[in-house]
Amino acid sequence: MPDTARPTLPEARVVTRRRTRLAPVWIVPLVAAAVGVWVAATRILGAGPVITIQLATAEGLEAGKTKVHYNGVDVGSVETIRLSPDHLSVLATVQMAPETEPFLVADTTFWVVSPRISGANVSGLGTLISGAYLGMAIGASKTAQRTFVALDTPPVIAGNQPGRFFVLKTSSLGSLDAGTPIYFRRLQVGQVASYALDPDGASLSVKVFVDTPYDQYVNPNTRFWNASGVDVSLTAAGLKVQTQSLLSILVGGVAFETAADAPLLPPADENATFTLFDSREDAFRAPPRSPQTYQLLFTDSLRGLSVGAPVYFRGIEVGEVAKIDAQIDAQTLRFSAPVTITLDAQRLGIQVKDLPPDADLDALRREFLDRLVAGGVRAQLQAGNLLTGALLVSFDVYPNAPPARIDWAHDPPRLPTIPGELQALENSVASIVKKLDQVPYQAIGDDLRKTLAELDRTLASARATLDNADRLVGNADRLVGNADRLVEPSSVLGAELATTLQELSRAARSLRVLTDYLEQHPESLLRGKPGEAK
């Protein structure tokens, strides 16, 4: 039988099944990776700028913890802290928040906030618990910047505080410091922002900030003065004490004011420059107008006289002491002190009446001074303050002063002087002591001793005489007794004898009284009896 009878079997065919390359088990890691990439990309794209801040020291700062605050809001954090390449400073890398991108400009400032006491300001006490952080002030520049140098001290004035800055020029800083208050009519209206020594080293520039709306009261005629401490003056009108506030006594202060009679001007420009005077009196003192310089030659002690001491003419201030020197005359070897003064009567409001339009003021001034000196006007040092011993120069009329003239040939002209009150008192005391030294105390004592010896001998003789008188009286009494027996008491002879004996008895008692008094008061021989007319 042929093989065709055999049943035909279907041909087997190998079918290759397509296999998936990624197993389901990989789905989860891939999704996780995709999410991680998305998160990383989102973080990178959403992160703020990274800046570098150069600091003097990293004291109080810690990488990963120290924050950057702007108006109390956290706007960044310090990522790393490292030394600068020159090892002189510290570089802090700071991750800022994305919204700070527009704020990071050229004049944006950073500083370290930590506990600080400066002037009247006490700041950063909260950092005692939270730790130091970096403060930030946004600048107004349009230039973006990523590297900054931190300020050494925090700025006193916030960037958005309304007000204006002014610059005060002074030769001495005194007790002024950043944060020192500014006063206007004893109301605190600002504070000292900063200070710096001028390039020439001759003065300092103090930058002050006056808050709005008080800054409108500062105009070109406004005067600033140092209001630190207490201004005490003791004058004939009494004790005068001037101060702004208790705070100004403790930490100092600056006050400003515009004279009431000054012309009303528009407010001064920002950063306008003013002079900082030492006191309110100096600030409002009128500028000199044609001051005249003279010299006074004193031989008194000038202890207590200083430059700036007032010069009075009959109680009216007419000038001040400008210079004090010392010299020795080579011929007489006498020491003297030339004192240069400036007289400016016009500045003090002294006016000349009936002045002709074409008058020669210099000639009129010389004639006036010559006439004053001829009338006895002299300069004298007088005590201006009994407590401090300060001296002043006073011109007054002394009719008994020796004749003198103004030395117009001297440059500056020299005015005549007389010794001061203290010097005159010392001269009087010296004259009295000299006269007392000339009294012959030894000879007077010897004479007094001799006189007393003579007085003793006189008293002894008087006592002997008195004893004889007593015996004589006794004999007289016995004689009277015998006479009484011989003479009739009622006769004329008996009466005369009794009267004679009574007078003799009174004379003896008087002599005894005199003797006793001289024994008790021997000086009566020289001075007489007390109470009697001499």
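This report covers one sheet, one loop residue and two nonpolar cores of a predicted model.

Residues are numbered from 1 along each chain as its sequence is written. In this predicted model, local features need pLDDT of at least 70, side-chain atom pairs count only at pLDDT 80 or more, totals for chains, interfaces and linings use all residues, and side-chain values use heavy atoms, without hydrogens and water.

**Sheet.** Seven strands (DSSP E runs of at least two residues, numbered from the N terminus) form an open sheet with mixed pairing, in the order β5-β8-β2-β3-β4-β1-β9. Pairing requires at least two DSSP bridges between two strands. The edge strands, β5 (109-113) and β9 (147-149), each pair on one side only. Strand β1 (residues 50-55) is parallel to β9 over three bridges, and I53 stands opposite F148 in β9.

**T66.** This residue lies in the loop between β1 and β2 (67-70). T66 is buried (under 20% relative accessible area, 1.4 Å probe, protein chains only), at 4%. The T66 side chain reaches the backbone nitrogen of E62 at 2.7 Å.

**Cores.** A nonpolar core is a set of buried Ala, Val, Leu, Ile, Met, Phe, Trp, Tyr and Cys residues joined through side-chain atoms within 4.5 Å.

| Core | Size | Residues, among them |
|---|---|---|
| Largest | 24 residues | L296, V321, I341, F395 |
| Second, separate | 20 residues | L176, V189, V206, A268 |

β23 (335-343) is one of the elements that supply at least two residues of the largest core; with four residues, β23 gives the most to this core. Contacts of L296 (heavy atoms within 4.5 Å) include A337, I341, V393 and L415, not counting residues up to four places away in sequence.

Notes:
Buried means under 20% relative accessible area, exposed over 50%, partly exposed in between (1.4 Å probe, protein chains only). A polar contact is a pair of N or O atoms within 3.5 Å; within protein, one must be able to donate a hydrogen and the other to accept it, and residues adjacent in sequence count only if both atoms are side-chain atoms.
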